[in-house]
Amino acid sequence: MSTPAAQHVPGQAPADGIAARARGLTKAYGSGETTVLALDSVDVDIARGRFTAVMGPSGSGKSTMMHCLAGLDTVSAGQVWLGDTEITGMKDRELTRLRRDRIGFMFQSFNLIPTLNAAENITLPMDIAGKKPDEKWLDQVIDTLGLRDRLKHRPSQLSGGQQQRVACARALASRPELIFADEPTGNLDSRAGLEVLGFLREAVDQLGQTVVMVSHDPGAAAHSDLVLFLADGRIVDEMERPTAEAVLERMKRFDVTRAAPFTAEDGGTPSDVTLDKD
Ligand SMILES: Nc1ncnc2c1ncn2[C@@H]1O[C@H](COP(=O)(O)OP(=O)(O)O)[C@@H](O)[C@H]1O
Ligand SMILES: [Mg+2]
């Protein structure tokens, strides 16, 4: 385990409109010769009310970055803020409460409780916290996600896409400032995946949420406003208003020329890779 480090740098308080921010975010796993540097001094600002996608090859540090930004994992060095609250160096209990109140999660494997129906799964985190859901908001989330007629169903009675929509509703239920989704379409067929991506998009456009989604699928990233590209624990590029084709092109370049990603060199046209198209 690494120790949380809080290196206070004066004059680096987050500006308005930033939902989460990291400076010099570094995460090493293990020690000595077996140390893996999962994140190498990452600076990142997550804009409020936007849909940000984080892309990169397997092992590039996407999940680690998300976990550190969400306060689910300690950092080895650097600072992380949620809004204007610095979470690095926070005590466990304080951090747990802050996570519960301000962050929603969606995981690749849904993580629904099989013995609870959809409605119970959606409100479970709030029930555990002893909080009353805002019924109006909850209704809006349920209708936006098209789950109204599925509320009494258990996860086993729902399709993969519906289960992920329940997980999405659960993440949204407490109206968190920030929703993190780690490969939320990874276990879905392309149609159900598109549905979930559409709902994440709506959560941003219609409900004013902030979403950070980790994916390795260019088709999924194309639903976002901004793509951050990770390679070897560093943010190496970003792309506004991404298209699947442009993202794929960028990805191919750092798969092929991994030592020097994103040089002017032409990456060639993709012919051997299929895309989920809208
Ligand atoms: N708990 C862990 N212990 C040791 N190494 C880890 C752990 N989690 C991740 N890593 C390593 O950190 C690097 C980044 O992992 P990860 O953030 O999961 O990448 P991604 O989500 O982009 O696939 C990888 O080299 C991975 O093997
Ligand atoms: Mg991952």
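A polar contact is a pair of N or O atoms within 3.5 Å; within protein, one of the two must be able to donate a hydrogen and the other to accept it, and residues adjacent in sequence count only if both atoms are side-chain atoms. An example is found at ligand 1, where one of its oxygen atoms is 3.1 Å from a polar backbone atom of G61. This is a predicted model, in which local features need pLDDT of at least 70 and side-chain atom pairs count only at pLDDT 80 or more, while totals for chains, interfaces and linings use all residues. Residues are numbered from 1 along each chain as its sequence is written, chains are lettered from A and ligands numbered from 1 in the order in which they are written, and side-chain values use heavy atoms, with hydrogens and water left out.

The chain as a whole contains 8 helices and 10 strands, where helices (H or I, at least four residues) and strands (E, at least two) are DSSP runs numbered from the N terminus. Of its 278 residues, 51% are buried, a word that here stands for under 20% relative accessible area, with exposed meaning over 50% and partly exposed in between (1.4 Å probe, protein chains only).

We can now return to ligand 1, whose surroundings are Y29, V36, A38, P57, S58, G59, S60, G61, K62, S63 and T64, each having a heavy atom within 4 Å of the ligand. This shell divides into 4 nonpolar, 6 polar and 1 charged residues; Ala, Val, Leu, Ile, Met, Phe, Trp, Tyr, Cys and Pro count as nonpolar, Asp, Glu, Lys and Arg as charged, and the others, Gly among them, as polar. Helix 1 gives the most to the shell, with 3 residues. Besides the approach to G61, an oxygen atom of the ligand is 2.7 Å from a polar backbone atom of G59, and an oxygen atom is 2.5 Å from an N or O atom in the side chain of T64.

A sheet comes next, and it helps to recall that strands of a sheet pair through backbone hydrogen bonds, either parallel or antiparallel. Here 4 strands form an open sheet in the order 2-1-4-5 with antiparallel pairing, two strands being paired if DSSP finds at least two bridges between them. Strand 1 and strand 2 are joined by 8 bridges, and K27, which lies in strand 1 (residues 18-29), stands opposite L39 in strand 2. K27 counts as buried because its relative accessibility is 2%. Its side chain makes a polar contact of 3.3 Å with the side chain of D73, and the side chain of K27 also reaches the backbone oxygen of T74 at 2.8 Å.

Elsewhere, strand 6 (residues 103-106) is covered on both faces, with I103 and F105 buried on one side and G104 and M106 buried on the other. Strand 6 pairs with strand 7 (residues 178-182) in the parallel sense over 4 bridges, and within this pairing G104 stands opposite I179.

Finally, A53 has its place in strand 3 (residues 51-55), and because its relative accessibility is 0%, A53 counts as buried. Leaving aside neighbours within four places in sequence, A53 is in contact (heavy atoms within 4.5 Å) with M213, A221, S224, L226, V227 and L228. A53 and V212 are 159 residues apart in sequence, yet their C-alpha atoms are 5.7 Å apart in space.
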